[in-house]
Structure formats: structure tokens, C-alpha cells
Amino acid sequence: MTERFDTPTDIRRYNRRAWDRAVERRSEWTVPADAATIAAARRGDWRIILTPVKPVPRSWFSPLASCRVLCLASGGGQQGPVLAAAGATVTVLDNSPQQLAQDRYVADREHLALTTVEGDMADLAAFADDSFDLIVHPCSNLFVADVRPVWREAYRVLRPGGALLAGFCNPASFIFDAALADEGVLQVRHKLPYSDLNSLTPEERQRYLDDEQPLEFGHTLEDQIGGQLDAGFVLTGFYEDGWPGVKLAEYMPIFIATRAVKP
Ligand SMILES: C[S@@+](CC[C@H](N)C(=O)[O-])C[C@H]1O[C@@H](n2cnc3c(N)ncnc32)[C@H](O)[C@@H]1O
């Protein structure tokens, strides 16, 4: 029988299971870096993404040697192992044990030093203030109901002068009827902020739960960009990205990446 999930605490538990299932289903966000990618990264030829397609500009990074990097909600064996092979000291925090297992799989295969921590992106109590020089946070805050604690915690654990590189969804992605959009029809339906818990009919939500799809939340730009500024960050970089095959992306970029510095 399908469990019922009603509270924010349940969202984290539900999404842990949903992302473990995504690993079993080999979702593209769970496929670990291959040996050639790691070998190239060791030679200095590396790139990572925060959004589906565009690589993060190299100008957004300081030298990686001895750089303490937190890959935040970034399991799956992608960003973490690449940055470790490029010389960084990497910790990957994620809510899904199976996603973290992908990072450990690459680390073991490639003899990379890498630390994995199971936890919540909104609660970094496992880390002291000023613990990291760089935080890499690929598009994943759509899986928490409230994004502002994520920015505040990222700010706390970064050292002054450290940078937060974040990818997130343009909220426009969430205002359309998802089932119709899959059929190529863009029909405005939902108000922002969007929540799989509150914006769908009970029957639609139950279909997501029955299929063990991760629950998603569409945050406003005020929470995404204003939230970083309110946490104390200074924005120093910005780009947008698309996603081939997604109808709305034919009309506008649907992902945003920011570089934010803790003064
Ligand atoms: C789209 S994947 C992003 C990771 C991937 N390496 C990439 O290249 O974008 C989203 C990740 O967010 C994680 N996640 C979801 N909710 C989380 C939470 N509350 N705290 C930490 N991680 C979470 C999932 O387990 C999943 O690994």
C-alpha cells in the first residue's frame, strides 16, 4: 500500500526513497562519471554543470588545489569525483544513500579521496562555520519546500571570500500544466510558489507518489535570488540554460545559474 506523506519531514523521507529509486532507474542525474572523464580531470581538462547543458565558466573557480569543496545536494558521482580528480578536497552531501553510493563507487574505482555525508541541504549542522572555500550546488533545491534555509546554511559554512555556485529552475517552469506540457501544449495553470503537495489535485499527486517520483517545489525568484542576497551573499555571476526536448525551453531559458560570494 502506498504510504501517505503530509508533513515537511515526510518530504525529505519520501524524496530520499524517490531518489534511491531514480538510481535504480538510471535517471540521467544518477549516472556516475566514467574513467575517461576522471583521467581528463586529473590532467586539468574538466568541466561540471549546475544546469542541464552549459558548463560552469572556468572563471567562476579559484585554483582547485587544496580547495575545500562542498558539493551540496550533488550526489550521483558527477561533480564531486570530477572536482576531486582536479585536485580539490571534496565533501558530497546528499539526502539519498544510493546517490552517495555513486560518488563512493567512482572514488573507489579511481582511488580518489572523497567524503560523503547523508544529510539535508537545509541543515548543515554537521559542518562548522567557515568550513569550505567553495560550494557547488547543482539544480536540486526544487526538492525542498523552503529554499531560504539552504542559502543561510551555505553562507554559514563558507569561509569569507568563498563562493557558492548554484543552479536552479526558472519558476516559469512550474506555472504550466505538466501533463499537457509533456504533450507539447503550454497551458498556464499554477500560481507560484508551486508545490507538488498543494498545487495538484489529490489524484494527480497520488499518481506521482505511486510512481515514486520526487516531490518538487517551484520557488519564486525572490526566494532564489533575493534569498541569496538576504543571506548576505554578493552575486558576481549569472547565466541561463535550456534543456533540449522540453517544450518551454523552445521559448525561453528555463534554468538559472548564479555565482555568489560571501564578503
Ligand atoms: C537532480 S539531482 C542533482 C545531482 C546531480 N549530481 C547533478 O548533476 O545535478 C538532485 C539531488 O538532490 C538530492 N536531494 C533531494 N532532496 C535533498 C535534500 N533535502 N537534501 C540534500 N539532498 C537532496 C537528491 O537526492 C539528488 O541527488
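Begin by selecting the seven strands that make up the open sheet of this predicted model; read across the sheet, their order is S3-S2-S1-S4-S5-S9-S8, and the pairing is mixed. At the edges stand strand S3 (114–118) and strand S8 (234–241), each of which has a single partner strand, so one side of each is left without a neighbour in the sheet. If you look along the sheet, neighbouring strands are turned by 15° against each other on average, when direction is ignored.

Next, select strand S1 (residues 68–72) together with strand S4 (residues 132–137), which pair in the parallel sense over three bridges. Strands of a sheet pair through backbone hydrogen bonds, either parallel or antiparallel. To find one of these bridges, display leucine 70 and then its bridge partner in S4, isoleucine 135.

Add helix H4 (residues 97–110), which packs on the sheet and touches strand S2 (89–94) as well as S3, with a direction that makes about 170° with that of S3. Then add helix H8 (residues 221–231), which also packs on the sheet, where it touches strand S5 (158–169), S8 and strand S9 (255–261); the direction of H8 makes about 5° with that of S9.

Keep H8 in view and select helix H5 (residues 148–157), whose axis comes within 9 Å of the axis of H8 and crosses it at roughly 35°. The crossing in which H5 passes H8 is right-handed. Which residues meet there? On the side of H5 they are Arg148, Trp151, Arg152 and Tyr155, and on the side of H8 they are Asp223, Gly227, Gln228 and Ala231. Colouring this contact by class gives three nonpolar, two polar and three charged residues.

Now turn to the ligand and select its surroundings, a shell of 21 residues in which the closest are Trp19, Ala73, Ser96, Pro138 and Ser140. Which helix gives the most to this shell? Helix H1 (residues 8–24) does, with three residues. Coloured by class, the shell around the ligand shows eight nonpolar, ten polar and three charged residues.

Two details of the backbone deserve a stop. Most residues other than glycine have a negative phi, and most peptide bonds are trans. Select arginine 26, which lies in the loop between H1 and helix H2 (35–42); although it is not a glycine, arginine 26 has a positive phi of about 60°. Then move to the peptide bond from leucine 192 to proline 193, which is cis, with omega near -5°; proline 193 is found in the loop between helix H6 (178–182) and strand S6 (194–195).

Finally, select the whole protein chain, in which there are eight helices and nine strands. Taken along the principal axes, its C-alpha atoms fill a box of roughly 50 × 40 × 35 Å. The radius of gyration of the protein chain is 18 Å, which agrees with the value near 18 Å that a compact globule of 263 residues would have.

Terms used:
Residues are numbered from 1 along each chain as its sequence is written. This is a predicted model: local features need pLDDT of at least 70, side-chain atom pairs count only at pLDDT 80 or more; totals for chains, interfaces and linings use all residues. A residue is near a molecule or strand if its C-beta atom, placed from the backbone, lies within 6 Å of it. Helices (H or I, at least four residues) and strands (E, at least two) are DSSP runs, numbered from the N terminus. Ala, Val, Leu, Ile, Met, Phe, Trp, Tyr, Cys and Pro count as nonpolar, Asp, Glu, Lys and Arg as charged, and the others, Gly among them, as polar. Two strands pair if DSSP finds at least two bridges between them. Axes are lines fitted to C-alpha atoms, for helices over the stretch in contact, and angles run from 0 to 180 degrees between N-to-C directions. Two residues are in contact if their C-beta atoms, placed from the backbone, lie within 7 Å. A crossing is left-handed if the near helix is turned anticlockwise from the far one by less than a right angle, and right-handed if clockwise. The radius of gyration is taken over C-alpha atoms; the globule rule is 2.2 Å times the number of residues to the power 0.38.
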